[in-house]
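This report examines one strand of a protein chain, its neighbours and the links that join it to other parts of the fold. The sequence and the structure are shown first.

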Amino acid sequence: MTKELLTILLVKRDDVPPYFKTEPGPPQIHLEGNRLVLTCLAEGSWPLEFKWLRNDTAITAFSHEYRYVIPSLQRSDTGFYQCVVRNRRGALLQKKTQVQVAYMGNFEGGNKRITVSQGQAALLKSPDISSYPQPQMTWFRNGQKIIPSNRM
């Protein structure tokens with residue numbers, strides 16, 4: 001065996017297809033307007049190239065950048081993200097990670113005062129508000145928090 005042939009065999013044996021060091025976790029909820037950085041932690045023989053998908057559609061071309069940055073999250077950024085990593089030995093598609101964008105719109109209708117006679121029932125409706133996730137409401141009477149009970 002010549003020295004040149006031996007060198008070629010060693011290079012091929014050391015060639016490693018891409019693999020992921022971590023997989024995405026549970027769905028992520030991020031605040032609208034915040035910066036989001038998604039990372040694709042992969043290893044294998046270099047050079048590794050990465051491409052990002054959102055809802056099964058490519059949003060980047062292959063490059064050496066393993067991060068995808070959204071400088072200011074918008075509601076339209078909600079979706080399922082995943083990366084594709086490749087090298088000369090093959091390509092691998094990461095499991096999807098769900099990104100949800102939390103937001104809260106303005107209350108519609110303003111303050112409303114409801115007056116009822118003592119002993120009579122008052123029906124309190126929550127104001128219309130565009131938000132995700134749905135907000136939790138706390139009601140107050142004369143500046144004091146109303147504690148929910150069977151009477152309410």
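A polar contact is a pair of N or O atoms within 3.5 Å, of which, within protein, one must be able to donate a hydrogen and the other to accept it. In this predicted model, the side chain of Q82 lies 2.7 Å from the backbone oxygen of Q94, a distance within that cut-off of 3.5 Å.

**Strand β8 and the setting of Q82**

Q82 belongs to strand β8, which spans residues 79-87. With a relative accessibility of 5%, Q82 counts as buried, because the cut-off for that class is under 20%. Leaving aside residues up to four places away in sequence, Q82 touches K51, W52, L53 and D56, and also L93, Q94, K95 and K96. Burial extends to much of the strand: 7 of the 9 residues of β8 are buried, so β8 is largely enclosed by the rest of the structure.

**Pairing partners of β8**

Strand β8 pairs with β5 in the antiparallel sense over 6 bridges. Within this part of the structure, Y81 of β8 is the bridge partner of R54. Strand β9, residues 90-93, is also antiparallel to β8, and 4 bridges join the two. Here V85 stands opposite L92 of β9. The strands β8 and β9 form a hairpin, with 2 residues between them. A further antiparallel partner is β10, residues 97-104, which is joined to β8 by 3 bridges; G79 stands opposite V99 in β10.

**The disulfide**

The structure holds 1 disulfide. It is formed by C40 and C83, whose sulfur atoms are 1.8 Å apart. The torsion about the S-S bond of C40 and C83 is about 40°, and the disulfide is therefore right-handed. Because C40 lies in the loop between β3 (36-39) and β4 (42-43) whereas C83 lies in strand β8, the pair ties together parts that are 43 residues apart in sequence. Both C40 and C83 are buried.

**Salt bridges**

Side chains of opposite charge can pair when their charged atoms come close. The structure holds 6 salt bridges, including the three listed below.

| Salt bridge | N to O distance |
|---|---|
| R75 and E32 | 3.2 Å |
| E49 and R86 | 2.8 Å |
| R67 and E65 | 3.2 Å |

The salt bridge of E49 and R86 involves β8 directly: E49 is in strand β5 (residues 49-54) and R86 in strand β8, and the pair links distant parts of the chain, 37 residues apart. E49 is partly exposed at 24% relative accessibility, and R86 is partly exposed at 32%.

R75 and E32 meet in a salt bridge between loops. R75 lies in the loop between β7 (67-70) and β8, and E32 in the loop between β2 (28-31) and β3, so this pair ties together parts that are 43 residues apart in sequence. The relative accessible area is 38% for R75, which is partly exposed; E32, at 30%, is partly exposed as well.

For the salt bridge of R67 and E65, the relative accessibility is 35% for R67, which counts as partly exposed, and 37% for E65, which is likewise partly exposed.

**Links through β8**

Two of the links described above have one end in strand β8: the disulfide, through C83, and a salt bridge with E49, through R86.

How values were computed. Residues numbered from 1 in each chain as written. Predicted model: local features only at pLDDT ≥ 70, side-chain atom pairs only at ≥ 80, totals over all residues. Heavy atoms only, no water. Buried < 20%, exposed > 50% of the residue type's maximum accessible area, 1.4 Å probe, protein only. Contact = heavy atoms within 4.5 Å. Disulfide = S-S within 2.5 Å. Salt bridge = Lys/Arg side-chain N within 4 Å of Asp/Glu carboxyl O. Pairing = 2+ DSSP bridges.
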